[in-house]
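Trainee: Hi, do you have a moment to go through a model with me? I'd like to start with the DNA.
Mentor: Sure, let's open it up.

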Protein chains: 2
Amino acid sequence: MAATGPLADDDARTLHQQVLARLRENILLGRIEPGQALTIRGLAAELGVSAMPVREALRQLVAERALELMDNRRVRIPPMTIERFDDLIAARVVLEAEAAARAMPYVSEALITRLEAEDAVINEAAAARDYDTWIGANFGFHAMLYGAAGQSAFLPLIESLWLQIGPFLRRAMRTISGHYTVDRHSEALAALRRRDTMALRIAIEADIRDGIAHIGSTLIRSEAMGANAVRAAHRQAQGERGLVDEVN
Amino acid sequence: MAATGPLADDDARTLHQQVLARLRENILLGRIEPGQALTIRGLAAELGVSAMPVREALRQLVAERALELMDNRRVRIPPMTIERFDDLIAARVVLEAEAAARAMPYVSEALITRLEAEDAVINEAAAARDYDTWIGANFGFHAMLYGAAGQSAFLPLIESLWLQIGPFLRRAMRTISGHYTVDRHSEALAALRRRDTMALRIAIEADIRDGIAHIGSTLIRSEAMGANAVRAAHRQAQGERGLVDEVN
DNA sequence: CATGTCGCCATGTGATCACATTTTCGCGGG
DNA sequence: CCCGCGAAAATGTGATCACATGGCGACATG
């Protein structure tokens with residue numbers, strides 16, 4: 001079920017492109033559980049295609065670090081470790097703060113309006129615990145901002161990081177309970193309106209550190225401690241901070 | 001000739017892995033000219049394999065942004081533009097400075113000795129105009145440093161950037177004449193010995209900006225002006241700065 | 001009980017082919 | 001000369017198959 005059903009019949013793209021897009025989305029949105037079987041023949045059967053486009057798509061996802069090739073030549077969602085998580089967060093902070101600053105001159109009022117609409121979608125999805133939309137719109141918000149200048153060499157790098165974090169992010173979201181609204185996205189939007197690049201950098205970094213970095217850090221360290229610590233770590237996370245943008 | 005000859009017979013890796021490694025190396029070292037034919041059947045014939053491992057390797061290289069998939073479904077070395085070049089340099093600066101700082105606690109005296117040896121290789125290769133070794137050892141120096149802690153999520157990102165810059169870097173090297181030794185690597189090594197993280201960050205950034213960013217910037221802006229400006233830009237680059245580490 | 005061996009099955013890899021798509025080339029006309 | 005058209009050639013895509021590799025269970029042995 002890692003492919004979540006067959007491909008549509010009337011798509012003009014090559015099968016490989018369709019398979020790749022499907023799997024990327026499923027990884028980004030955390031729909032594939034770690035440990036779930038990812039075999040070429042299994043995915044091909046589920047998607048209703050031959051093995052070829054699946055093989056090539058898997059190669060591409062390995063290259064993007066969304067999937068990991070193991071010694072037995074199978075692929076899997078890479079397990080999250082403390083060190084890897086810290087690396088991914090640090091890389092997100094330096095790349096996304098820089099990408100946002102570089103995008104600033106290209107951000108129009110119309111784009112700010114669209115970003116606001118996307119932020120509203122995020123907040124609704126968070127309240128409704130619609131994880132697909134929550135992650136998808138969140139990524140959409142960031143990609144929209146960094147892509148304001150059009151093609152950017154930063155975007156594929158950032159996308160690889162999101163793909164790597166996606167499965168873990170969904171699990172981290174599930175540890176959140178309650179509903180508060182401390183909103184780093186609105187701080188970023190305010191910085192954009194004021195054309196304040198430094199404030200934008202700070203807001204993007206705070207968005208990452210106060211969001212996924214905080215909740216994810218709690219989750220991954222609790223996993224390293226064992227299952228019993230999950231509840232204590234969960235209560236700590238709940239008590240300390242607002243939660244909506246914390247999962248960015 | 002983009003593959004530079006057939007594969008070796010006694011390699012234990014899968015053919016796909018061998019093809020991928022060969023093509024990655026050739027792209028990183030700038031052995032493939034922009035515009036050079038990259039067809040599946042052509043590469044397969046040159047490497048002495050069937051189309052399959054070549055197809056899969058090309059998919060992977062597209063995912064790493066080393067190659068670009070065009071509308072006609074062919075792949076090519078992506079052309080360098082001013083905007084893209086600026087993005088790639090900025091991304092290198094933020095990622096590599098951070099990766100170096102994170103690696104600092106794991107850098108041993110033995111590693112510093114190995115870095116010094118690699119730097120000597122770079123200097124010899126530069127003096128001898130051995131572009132393969134010059135680029136390869138330079139990348140080796142950086143990868144050795146950032147990989148001091150072992151696996152790092154930064155390294156694949158950085159490697160993608162080097163793959164994207166590689167073909168252009170080789171061309172930029174060819175515009176350099178004369179032999180001076182202003183050495184940013186030795187500044188980085190000095191910072192490592194002193195355990196001075198800020199100085200290391202500064203040295204890495206200076207290495208990138210005073211090196212490839214400077215020469216490459218000259219080349220790409222001259223290309224945007226036209227071929228006649230190449231000589232004027234070339235003389236300017238020669239007159240201003242030492243040249244060895246400037247190509248980093 | 002633990003360990004090793006063997007056979008079977010699932011899965012990945014590489015080769016090949018047919019078909020789809022794109023490029024090249026030759027010819028004719030203006 | 002250039003342009004358009006059609007055919008042939010080159011190239012990419014997807015399907016299929018045979019073989020290689022790895023995992024697992026059953027069985028034998030100490």
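Trainee: How many residues surround DNA strand C, and which are the closest?
Mentor: There are 19 residues around DNA strand C, and the closest are A:Arg41, B:Leu15, B:Ser50, B:Met52 and B:Asn72. A residue is near a strand if one of its heavy atoms lies within 4 Å of it. Keep in mind that this is a predicted model, where local features need pLDDT of at least 70, side-chain atom pairs count only at pLDDT 80 or more, and totals for chains, interfaces and linings use all residues. Residues are numbered from 1 along each chain as its sequence is written, chains are lettered from A and ligands numbered from 1 in the order in which they are written, and side-chain values use heavy atoms, with hydrogens and water left out.

Trainee: What part of DNA strand C is within 4 Å of the protein, sugar and phosphate or bases?
Mentor: Of the strand C atoms within 4 Å of the protein, 64% belong to sugar or phosphate, and bases make up the rest.

Trainee: Which side chain is 2.8 Å from a base nitrogen there?
Mentor: That is A:Arg41, through an N or O atom of its side chain. A:Arg55 also has a polar side-chain atom 3.0 Å from a base nitrogen of strand C. From chain B, an N or O atom in the side chain of B:Arg73 is 3.2 Å from a sugar or linking oxygen of strand C. Two or more residues of the surface near strand C come from each of helix 2 and helix 3 of chain A and helix 1 (15-28) and helix 3 of chain B. Helices here are DSSP runs (H or I, at least four residues), strands are too (E, at least two), and both are numbered from the N terminus.

Trainee: And DNA strand D, what surrounds that?
Mentor: DNA strand D has 18 residues around it, the closest being A:Leu15, A:Ser50, A:Met52, B:Arg41 and B:Arg55. Sugar and phosphate account for 62% of the strand D atoms that come within 4 Å of the protein.

Trainee: Which backbone atoms lie by its phosphate oxygens?
Mentor: A backbone N or O atom of A:Leu15 is 2.3 Å from one, and for A:His16 the distance is 3.4 Å. On chain B, a backbone N or O atom of B:Ile40 lies 3.0 Å from a phosphate oxygen of strand D.

Trainee: How are the two chains related?
Mentor: A turn of 180° with a shift of 0.0 Å along the axis lays chain B on chain A with an RMSD of 0.0 Å. The two copies are thus related as by a two-fold rotation axis. The superposition is by least squares on the C-alpha atoms of residues with pLDDT of at least 70 in both. In chain B, B:Gln60 comes closest to the axis, its C-alpha being at 2.4 Å.

Trainee: Back to helix 3 of chain A, what covers its buried residues?
Mentor: The cover includes helix 1 (15-28), helix 2 (40-47), strand 1 (68-69) and strand 2 (75-76) of chain A, along with helix 3 (51-63) of chain B. Among the buried residues are A:Val54, A:Leu58 and A:Leu61. Buried means under 20% relative accessible area, exposed over 50%, and partly exposed in between (1.4 Å probe, protein chains only).

Trainee: What happens at its two ends?
Mentor: At the start, a side-chain oxygen of A:Ser50 reaches to within 3.3 Å of the backbone nitrogen of A:Met52. Just after the helix, A:Arg65 takes a positive phi of about 65°.

Trainee: One last residue: is A:Arg170 buried or exposed?
Mentor: A:Arg170 counts as buried, because its relative accessibility is 13%. A:Arg170 lies in helix 7 (residues 154-174) of chain A.

Conventions:
Contact means heavy atoms within 4.5 Å. A polar contact is a pair of N or O atoms within 3.5 Å; within protein, one must be able to donate a hydrogen and the other to accept it, and residues adjacent in sequence count only if both atoms are side-chain atoms.
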